[in-house]
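Subject: Structure handover

Hello,

Here is the structure I said I would pass on. Please open it and keep it beside this message while you read the notes below.

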Amino acid sequence: MFGLQGSCTLGRGPENTVPIANDHVSRKHAIIQLQGRAEFWLVDLGSANGTYVNERRVSRPLALKDGDVIDMAGSRIVFHSEEPSADGGHDVSSMGSTILSVVRKNCWLMVADIVGSTRLAQELPPEEVPLLTGGWFKTCRDLIEEHGGHMNKYLGDGFFCYWEDSVDSRSRILQAMRGLAQLQAEASPPFRVVLHRGMTVLGSVPTVSALDLHGPAVNFVFRMEKLAAGWGEIRLFSEAAMESFVISSLAGHESEVEGYDGRFKFFVPDLGD
């Protein structure tokens, strides 16, 4: 039995949180990530033989439920979770001296989303979809974490990640964005990235290694992603993000943002790709 806190990797390699002695399991096969205080999401990392939940192959991030059976090349794991309290989280009263920590910090917020995921699922053979999407999630996650970012949420066909603002965060983010731009140039799969910078509220529960980001800046970056999709842009920076870099813009937009007063400027950065 393995207790899950934060991210949990599964695979044949001994470095995994849950090492699986099965030659047909990939070295880095899948990951289970805690989102918020009560949700665990399973992501196949482009494994050769696939990951199945309740006998259905996982082609995109999947929220796990108590009792779900995870199958990796014949190696089975039964997922169990604590019953959530009435408000949707764990019963904090049962956590003893657990303290909810809340701080306000400037953060860099990024949303990435696969373009035309429904069409891809219809055009590709069923066995190729999880290889394509799972490999993309793994590559993006490795790139972001290599440059100091933190994967916060999986969103079905995309993800939400962040960097806490620091002395070297700008250079790290720019390197990560250039790496993502190279992946976008390959268009396999095609995806969109938006970047914003703003004040967030970070809340954590130490006993479950959970971290939630809240606040208007978080909602804003998700609104940005919808605007970018409407404009047909695969890369978009908010004005707050753009002014932090010494780079030029290939194009600009100005628009109202649902739920926010006024009009806002957005830019398509020139990342040299």
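His147 counts as buried, because its relative accessibility is 12% and the cut-off for buried is under 20%. Please keep in mind that this is a predicted model. You will find His147 in the loop between helix 2 and strand 11 (150-154). Leaving aside residues up to four places away in sequence, His147 touches Trp163, Arg172, Gln175 and Ala176.

Some totals for the protein chain may help you find your way. The chain has five helices and 17 strands. Of its 273 residues, 45% are buried. If you take the contacts between residues at least 6 apart in sequence, 56% of them join residues at least 24 apart.

Ser47

Is Ser47 buried or exposed? Ser47 has 1% relative accessibility, so Ser47 counts as buried. This residue is in the loop between strand 4 and strand 5 (52-53). The Ser47 side chain has a polar contact, at 3.2 Å, with the side chain of His29. The Ser47 side chain also reaches the backbone nitrogen of Gly50, at 3.1 Å. With residues up to four places away in sequence not counted, the residues that Ser47 touches are Ser26, His29, Arg57 and Leu131. His29 therefore appears both in the polar contact and among the residues touched, where contact means heavy atoms within 4.5 Å.

The cavity

I also looked for enclosed empty space. Rolling a probe the size of a water molecule over the atoms shows where such space is left. One cavity of 30 Å³ or more turned up in the structure. The volume of the largest cavity is about 40 Å³. Its lining consists of Val43, Asp44, Val58, Ser59, Arg60, Pro61, Pro130, Thr133, Gly134 and Phe137. Two elements, strand 4 (39-44) and helix 2 (128-146), give two or more residues to this lining. Which element gives the most to the lining of the largest cavity? That is helix 2, with four residues. Sorted by class, the lining has five nonpolar residues, three polar and two charged.

Aromatic pairs

A pair of aromatic rings is described by the distance of the centres and the angle of the planes. The search of the whole structure gave 13 aromatic pairs. In one of them, Phe220 and Tyr260, the ring centres are 5.3 Å apart and the planes are at 90 degrees, so the pair is edge-to-face. This pair links distant parts of the chain, 40 residues apart. Phe220 belongs to helix 4 (residues 216-231), while Tyr260 is in the loop between strand 16 (249-256) and strand 17 (263-269).

The two partners fall on opposite sides of the cut-off for buried, which is under 20% relative accessible area. Phe220 is buried, because its value is 6%, whereas Tyr260, at 22%, is partly exposed. Tyr260 has a further aromatic pair with Phe264, also edge-to-face, with 6.5 Å from centre to centre and 90 degrees between the planes. Phe264 has a relative accessibility of 25%, so Phe264 counts as partly exposed.

Elsewhere, ring pairs link Trp136, Phe137, Tyr154, Phe159 and Phe191 into a cluster. Phe137 is worth finding on your screen, as one of the cluster residues and one of the residues lining the largest cavity.

Regards

Methods: Residues are numbered from 1 along each chain as its sequence is written. This is a predicted model: local features need pLDDT of at least 70, side-chain atom pairs count only at pLDDT 80 or more; totals for chains, interfaces and linings use all residues. Side-chain values use heavy atoms; hydrogens and water are left out. Rings of Phe, Tyr and Trp (its six-membered ring) pair if their centres lie within 6.5 Å; planes under 30 degrees apart count as stacked, over 60 as edge-to-face and the rest as tilted. Buried means under 20% relative accessible area, exposed over 50%, partly exposed in between (1.4 Å probe, protein chains only). On a 1 Å grid over the protein atoms alone, a cavity is a set of points where a 1.4 Å probe fits but cannot get out, and a pocket is an open set with protein on both sides within 12 Å along at least five of seven lines; lining residues have an atom within 4 Å of a point. Grid points are joined across faces, edges and corners, and a volume is the space filled by probe spheres set on the points. Ala, Val, Leu, Ile, Met, Phe, Trp, Tyr, Cys and Pro count as nonpolar, Asp, Glu, Lys and Arg as charged, and the others, Gly among them, as polar. A polar contact is a pair of N or O atoms within 3.5 Å; within protein, one must be able to donate a hydrogen and the other to accept it, and residues adjacent in sequence count only if both atoms are side-chain atoms.
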